[in-house]
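Hi,

Here is the structure I said I would pass on. Have a look at it first, and my notes follow below.

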Amino acid sequence: MDAPTLHSILLHTFSTDADARKAAEEAIKNLHTVRGSIVLLVQLLSSDDVQREIRQAAAISLKNIVHRHWGVLDGGSDDDHDNGRGDGAVDPNPSAFPDADKDEYRSFILEGLFAAQDNSIQALLVESVSIVARQDFPHKWPLLVDNICAAMQSGHATRIINALLALRKLVKIFEYKPSHQRDTLNTIVAMTFPLLRTMLQQLVGNPSDDAGHMVHLTVKVFWSSVQCALPPHMTLEEIGAWLELLKAVLTKSMPDPPVHGGDEDDDGARRNPWWKAKKWTLQVICRFYNVFGNPKHSNSTPELSAFFRGQVAPHLLVAVLETLSLRPSGRYCPDRIVQLSLMYVQEAILSATAYKQLQPHLDFVLFKVIHPLFCLTRSDLDLFQSDPHEYIRRCSDVLGEYLNPVFAAEGLLVELCTKRGKACVVKVLSFYNDLLVPAPTDEAQWIQKEAALHALCALDSFLTLSPPHQAQMESIMLMHVLPAFENPRGYMRLRAVKMLSRNYMTKLVFADPTMSHIIHSLLRCLQDQELPVRIEAAKSFRHVVVYAHSTVVLDTLRPLLPQVLDQFFVIMDDMGFGDEVVLALEQLIDSFCDEVGPYAIQLVVRLTLRFKQCLDKEDDDEDACFTAASCLDTINTILMSIYNQAELFEPLIDALLPTLHLLLSSDAYLDFVESALDIVKSIAYYSAAIHPKVWALFPTLFRGADLWGSEYMHQLVVVLYSLIGRDAAGFVSAVFQVNLANGTTKRIRYIELVYNLVRKLLHKEHVDDEEVWGASAIVECVLHNCDGVEVFIPAVLQLLCFRISRTAVDDPRPLTQLLSALLAALRYNPTLTIAALDKMKVLEPILNALDKNADMRTSVSEQKIYVLGVVALLGRPAADWPVAVQGALKMLVWKAIQSLHRIIARTQQQLAREEAAAHGGSAANLPPADKSLQALIHKGGYDSDEDADLMLHNDDDYAHVLHDLKGGDDLDDEEDKDYYSRIDSIDEVAVFLQAMHGIKDSQPATFEALGLANNQEFFHSCEVFAAELRRRQEVLGRASVPDALEG
């Protein structure tokens, strides 16, 4: 093939003749089989004589060929070929291109990139270089960095920019590699950083756009090379030199864009490469402060952090403050630049040195930078009026909020008042009080008043934990917030409603008349003429209805509940798709769980309809997806609310089952499987009985479990416990009919479905821990709840033993779960279980595994099944068991005794904790994080000579924060389970004592063989167990307690 032929093929891909176009596309698809095709494509896309569309088509074809065929013939992705060493080398694979040709192809592709001037072609070529580099660099492409460096020194702007693009793509390959896989990146840095630094020095003073592009790309290369770890050979002097250059980039004077009005001008200014370079510069210095300037960070060192904070950060703070001064002085500065600058200041105030430097400028930061960001702009007000849906979307955009300078300003204000409060709180509150008290006389003053309320919204976490300010909040509500509900300006009503969506409703106590006024104002806002106000009012119910200090909220809403619920659905129709209103509806229903019964059917029907509307939206509509999931969760809340009205469930079942069958039968709705399973669980658990229509859902569950079971194993197990636990007899007898391809039918028992799923899970070649747990839990579910399933035991024991034999002995969790299922079989029918294990010739290894596993059981439920399984062996004389059991029985009994001691110790620890909590006073009700924050606020934050981040790490309160993040109390792990069976009503202590009484009286030989006769340790244990049993029975109101065995 020659260039004209390839040009003709590419041209025909645009043909209106379908046959000609299809033939051309087929030729392009097989182009990788034509030797030299890559060279021809590069020649075409590089020729100025070729039509632009043809050059673009050539670049696309090149990228696709490289992506699909550079590494392997079957077209696997480049990630599939990484050898795992992280060095870019690949294992030998058959390739579409001979190695002899690849050298030429690599050179042509790279040269094509260096020469490319069209942005779209440039982007496609740099991606092609990246794909090849991922597979060939450095071993098969050793001169790549040398070629890039040569292009960077060419003196030609296009070649330099494109070489920097290639270098950025190259370092990104290694950007997130762990330290032991960063040698190649460190080599690249050593080769390129001296050149890049020299270029940066020369370019900072150049005002051209080309220079801006080069600086922008240089800073991005620096970011990708250092953001995770500094190259080991970089000295403090080099780091300081780089950061000094970045400071020069940040402070480079920029001309203001022409002002014509509108967002287009702002977009054009933000696309200026110099502003992009400044943005990336701020990201770098924020990262340096957060990581390398933090002496506690694992990637930093005391020397590096001291150098940065002492010698570099002061100069950078001056540059950041200079950047923040642009807007107050009437100059242009993009939002993202302001946001990152505020993030840098927020990091800096943690350092005593930086805070002292900042103190003289606090008024500037607070009132010239932060406060103006709280003020609504003309574009905000126009959008509020002209496009309320877009206004709502922007306010609800989580990512946009994070990148918004207003959000950064809120965070900085809170940090200053909390951690440096001595110098900030009084002046901040005085400033905003002066804005709130005077009656506004013009629109500008109303905007200032709205900004003052905005600041109080931002400070809610501070004000609600500061005792002196808590007492003032009710008067602020009465004087400034409640009147705003009557304001003719929609933005003032919106701000008043937003005040109710914060901690003020959940952490402060208001007089009942104040709360009544708040609720009536909120109810009026549900029907406000402005859509943003209506939506925010609905969302605020999520906070208001959980007001716990009196019943005034619920008493006020209760007679109006039908109208409120109707208004919620009207608002949902008005707003389109958004989940926050649905979440508020769910909280409202949960708060009125006793009253929601009469409206349950209507609510479920409307929510189901809303869910179907969401499903009809495009797959990539995230708002619709979130709203759909929230609808299902709200339906589940309704089902839980009417748990004591079983008669309502049957009509709800008819409304829900079609949707549940749809969601659970395929992998097309994975986002909703968890919520659907929760609904099935609630129907099964709260219905008067398992309805036949619900049992008909059982086969759908197992068909779907083949597709999503591994991901939602826990939820599936909970559903099975709810169904089988409520109607074990129905499960054992249930069958369903399958139509076979030959026209006949086959009847399959539900227990066969269970067995088949367990078999699939345990027979997988690569099974993860969650699947092992799920299979084991399903086996336990059947054995703990059902009678008459003896036929199930031998078959399932084979599966358990198969997986046990393939589970590493140093992997205790899966082994414990598998042995727990085996112990469940032992408790169910010890004779059958022992006979089956003996027949499989695994009895002795299983008994040895049980011995070693006893000490690995961490939860009470695991220890309980161990005790019950072992005690089941005592139901017949020891001499009747196989020799292996006789030899292991003594050891197992003593392991069971130790397990009982652990259970009782855990119980006593929990009782002690509950008693301590009961006597802890009102302060004990605060979470540890709130208590430590309250103490910090009380003392006015850290002193100016204290490093806040170091003080935090030295406080005991830091351990409290970690404790909360970890999940709190680790004693109650088994209490968190949300499924139950008949075994939960069995008292393992009573079972053990009764068994001991029985063998002592009726099997003295066994009692003697177990070493229990005249054993004082055993008798002391029995006394402890009897005391614990008496305590439990006192709690349950029981009377009879077996006496402790006496020696």
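Let's start with one side chain, Tyr402: at 43% relative accessibility, Tyr402 counts as partly exposed, because that value falls between the 20% and 50% cut-offs. Keep in mind that this is a predicted model. Tyr402 sits in helix 20, and together with Leu399, Leu403 and Phe407 the residue makes up a nonpolar patch on the surface. The accessible area of these four adds up to about 380 Å². Which helix gives the patch its largest share? That is helix 20 (residues 398-403), with 3 residues.

Now for the charged side chains. Side chains of opposite charge can pair when their charged atoms come close. In this model the count comes to 39 salt bridges, and I picked out a few for you.

One of them joins Arg106 and Asp103, with the closest N and O atoms 2.4 Å apart. Both residues belong to helix 5 (residues 99-115), where they are 3 residues apart, or about one turn of the helix. Are the two partners buried or exposed? Arg106 is buried, at 5% relative accessibility, whereas Asp103 is partly exposed, with a relative accessible area of 46%.

Another salt bridge brings together Glu988 and Lys864, at 3.9 Å from N to O. This pair links distant parts of the chain: Glu988 is in helix 53 (residues 988-1002) and Lys864 in helix 48 (residues 860-872), 124 residues apart. Both Glu988 and Lys864 are buried.

Right beside that in my notes is the pair Asp987 and Arg1032, whose side chains meet in a salt bridge at 3.0 Å, N to O. Asp987 lies in the loop between helix 52 (956-966) and helix 53, while Arg1032 is in helix 55 (residues 1016-1036), so this salt bridge ties together parts that are 45 residues apart in sequence. Asp987 counts as buried at 13% relative accessibility, and Arg1032 counts as buried at 15%.

Which residues are linked with these in a network of salt bridges? The network is made up of Lys864, Asp987, Glu988, Glu1028, Arg1031 and Arg1032.

Finally, the overall layout. The domain assignment gives domain 1 (3-71 + 98-173), domain 2 (467-592), domain 3 (600-789) and domain 4 (800-807 + 832-917 + 987-1039). How far apart are the C-alpha centres of domain 1 and domain 2? They lie 59 Å apart.

Over to you!

How values were computed: Residues numbered from 1 in each chain as written. Predicted model: local features only at pLDDT ≥ 70, side-chain atom pairs only at ≥ 80, totals over all residues. Heavy atoms only, no water. Helix = DSSP H or I, 4+ residues; strand = E, 2+ residues; numbered from the N terminus. Buried < 20%, exposed > 50% of the residue type's maximum accessible area, 1.4 Å probe, protein only. Domains from an automatic or database assignment. Patch = residues over 30% accessible without salt bridge, like charges linked within 9 Å, V, L, I, M, F, W, Y side chains within 5 Å. Areas by Shrake-Rupley, 256 points an atom, 1.4 Å probe, with all protein chains shown as cover.
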